[in-house]
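Q: Please give a close look at one part of this model, the largest nonpolar core. Which residues in this core touch the most other members?

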Amino acid sequence: MSPRENGSGEEPVIRDNRKIDPETGRAREATTADDGVAQEESSSVAQEPEAVAADGSAADLLAERTADLQRLQAEFSNYRKRVERDRITVKEQAVASVLTELLPVLDDIGRARDHGELTGGFAKVSESLEAAVGKLGLATYGTKGDPFDPTVHEALLHSYSAEVTEPTCVEILQPGYRINDRILRPARVAVAEPSEEEAPRDAADDSGAADGSDEN
């Protein structure tokens, strides 16, 4: 019995006719086209790390650009705040300059009021003017009996008095004017300090008490 009859030693059956040589009937060897496909597959595999690297570079570039935009936004916000602050400062300086020029007029109105001369239409005009400067933030300060503060008071007269225990404004010669915390003109006052006679007397009393304690 031949090997083909008993089923042993049969040649492999190739069903893909593209791999069978029609002349010899044998399986074809790998062709150049197959080599090209293999090379393309290997090149695609080799390109995968490059694609991953490109994606990483794009992510880093995006993060860098995002950080630049955030920094620019913060700088613009700070610039806008600085411009707004400067605008407010310039406005306050302009208002203060105008009000400073009006202070002598307000002083005249105050003296006329003290002498009872503020009557009729002049009184209404003065009231309108004082209301207008008040809306702009101008305020007066300085009251008789206030403790003397050299930062807000200007002493024009000085005296001693037994009725005070500390430097005190005993007379307001001209009121002070301020806008918010800014002093336009300090209050001009007469200042009285404790009498000079009290200080030596107090010192003598203290020394006498000390001598008495030593004798004991």
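A: Helices (H or I, at least four residues) and strands (E, at least two) are DSSP runs, numbered from the N terminus. The model is predicted: local features need pLDDT of at least 70 and side-chain atom pairs pLDDT 80 or more, whereas totals for chains, interfaces and linings use all residues. Residues are numbered from 1 along each chain as its sequence is written, and side-chain values use heavy atoms, without hydrogens or water.

Residues 62-89 are 100% helix and 0% strand, with end C-alpha atoms 41 Å apart; an unreviewed UniProt entry lists this stretch as "coiled-coil region", an annotation that may be inferred rather than shown by experiment.

The largest nonpolar core (buried Ala, Val, Leu, Ile, Met, Phe, Trp, Tyr and Cys joined through side-chain atoms within 4.5 Å; buried is under 20% relative accessible area, 1.4 Å probe, protein chains only) has 13 residues. Leu99, Leu103, Leu106, Leu138, Tyr177, Ile179 and Leu184 touch the most other members. At least two residues each come from α1 (32-114), α2 (120-135) and β4 (176-179), with α1 giving the most, six. Ile179 contacts (heavy atoms within 4.5 Å) Val95, Ala96, Leu99, Gly137, Leu138 and Leu184, leaving aside residues up to four places away in sequence. Another core, of six residues including Tyr141, Cys169, Val189 and Val191, lies apart from it.

β4 also belongs to an open, antiparallel sheet ordered β1-β4-β5, where pairing requires at least two DSSP bridges. β1 (138-141) and β5 (182-185) each have a single partner strand, so one side of each lacks a neighbour in the sheet. Three bridges join β4 and β5, and Arg178 has Ile183 of β5 as its bridge partner.

Technical notes:
Buried < 20%, exposed > 50% of the residue type's maximum accessible area, 1.4 Å probe, protein only.
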